[in-house]
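Me: Please take a close look at one part of the surface, the patch of negative charge, and then set that part in the context of the whole chain.

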Amino acid sequence: MTLITRRRALAAASTLGVATLALTACSGGTTADDAAADLEVGSLDLSAVCPADIVVQTDWNPQAEHGHLFQLIGDDYTIDAENKSVSSPLVVDGEYTGVNFEVRAGGPAIGYSTVNSIMFQDDAITLGYVHSDAAISSSAITPVVGVMAQMDVNPQMVMWDPETYPDVETIEDLAAALEESGGAWRYFGGAAYMEYLMAAGIVPESIVDGGYDGTPASFVADDGLSAQQGFASAEPYIYANEVEAWNKPVEYALIADAGWDIYGSALSVRADKIEELSPCLEELVPILQQAEVDFFADPSDTVDLILELVAEYNNGWTYSQGVADYAVETLIEDGIVSNGDNGYIGDFDPERVSEFFGTGMELFQEIAADVDPDLVAEDIYTNEFLDTSIGLSE
């Protein structure tokens, strides 16, 4: 296993063009424990209430949507390129907390498995990113509880060519236009939101194509005839600026606006561990809230780390400075990350969860998902660990 330990570059030295990264690459090299060996625990000591290594499993490769996590990776950090993770001593307000913090990549790094399934396979994982629809659909076998909603709106969307469909504004408009033109709506097969859209009669089954492979080839080849799934924080920039064969704007509509209004990638814990982890979560969740506020206030250093991780992991995923900058801007401007209807960040709206819960339960029971028949809306989330004084600046 190759471990690479780095100290983040100082901005001033970088400006002068000085080599600022102290780099050590070795087999079985320096770890977060080694980096913490000479540190003195400060006023906030988490070692008595939290695991020695707080591990967060994400659902994709490093990207700006994960910025609040990477914000907590300190200057002395270790990259495990083989296992696609980064860790460091957890430092808050300049003081060591007595524990380490590790962020693991998802998607290809976990064989495209769901995060909640991985959480039940690996006991070392403290928190994981889980969509609220997945929290319902697999509740009978991998029950989880969301403890922080770092995104207020799920950024998943469908996009189309505005030149081909100039009058389309909504998903309903798009479905009708595609049915008339013979175009397809490409998506990753098995997506729960599409099952809902078809069951609700919003999207006819005749236009859907579950063969989307994540590449732009089919969208480009169709020359605007078809639509495609994506994320508001990525594809609009990528297709306008980085897909040379397209290189023009796309329009999009959020899936949330059609009724599948989930909390995407909510930080969650295993339901059977929440009592045990509660003392830790009381301290940790406010730290995560503040990290998100700090990231969006000044994302530059953390984005640099994200780009470095993408390069070190080297798994075919590409992520540019332009996409990262666009994502940060779009997440705020589109209200994907926000304080919601109150002054603090990270909470689940009980009314919204309850409304979606009814929609999700009806669908998942119909398609025979692994749903706990006794599940209630309050089982999939809690706001009890949030600090209501921590929010984005207006």
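**Aspartate 75 and its surroundings**

Reply: Aspartate 75 counts as partly exposed because its relative accessibility is 43%; buried means under 20% relative accessible area, exposed over 50%, and partly exposed in between (1.4 Å probe, protein chains only). The model is predicted: local features need pLDDT of at least 70 and side-chain atom pairs pLDDT 80 or more, while totals for chains, interfaces and linings use all residues. Residues are numbered from 1 along each chain as its sequence is written, and side-chain values use heavy atoms, with hydrogens and water left out.

The loop that holds aspartate 75 runs between helix H3 (67–70) and strand S4 (76–80). Helices (H or I, at least four residues) and strands (E, at least two) are DSSP runs, numbered from the N terminus. On the surface, Asp75 joins Asp298, Asp301 and Asp304 in a patch of negative charge. Such a patch takes residues with over 30% relative accessible area and no salt bridge (a side-chain nitrogen of Lys or Arg within 4 Å of a carboxyl oxygen of Asp or Glu), and like charges are joined within 9 Å. The place of an Asp charge is taken as CG.

As for the whole, the protein chain has 13 helices and 14 strands, and 53% of its 394 residues count as buried. Its C-alpha trace spans about 65 × 55 × 40 Å along the principal axes. The radius of gyration of the protein chain is 21 Å, which agrees with the value near 21 Å for a compact globule of 394 residues; this radius is taken over C-alpha atoms, and the globule rule is 2.2 Å times the number of residues to the power 0.38.

Key
Patch = residues over 30% accessible without salt bridge, like charges linked within 9 Å, V, L, I, M, F, W, Y side chains within 5 Å. Areas by Shrake-Rupley, 256 points an atom, 1.4 Å probe, with all protein chains shown as cover. Lys, Arg positive; Asp, Glu negative; His and termini not counted.
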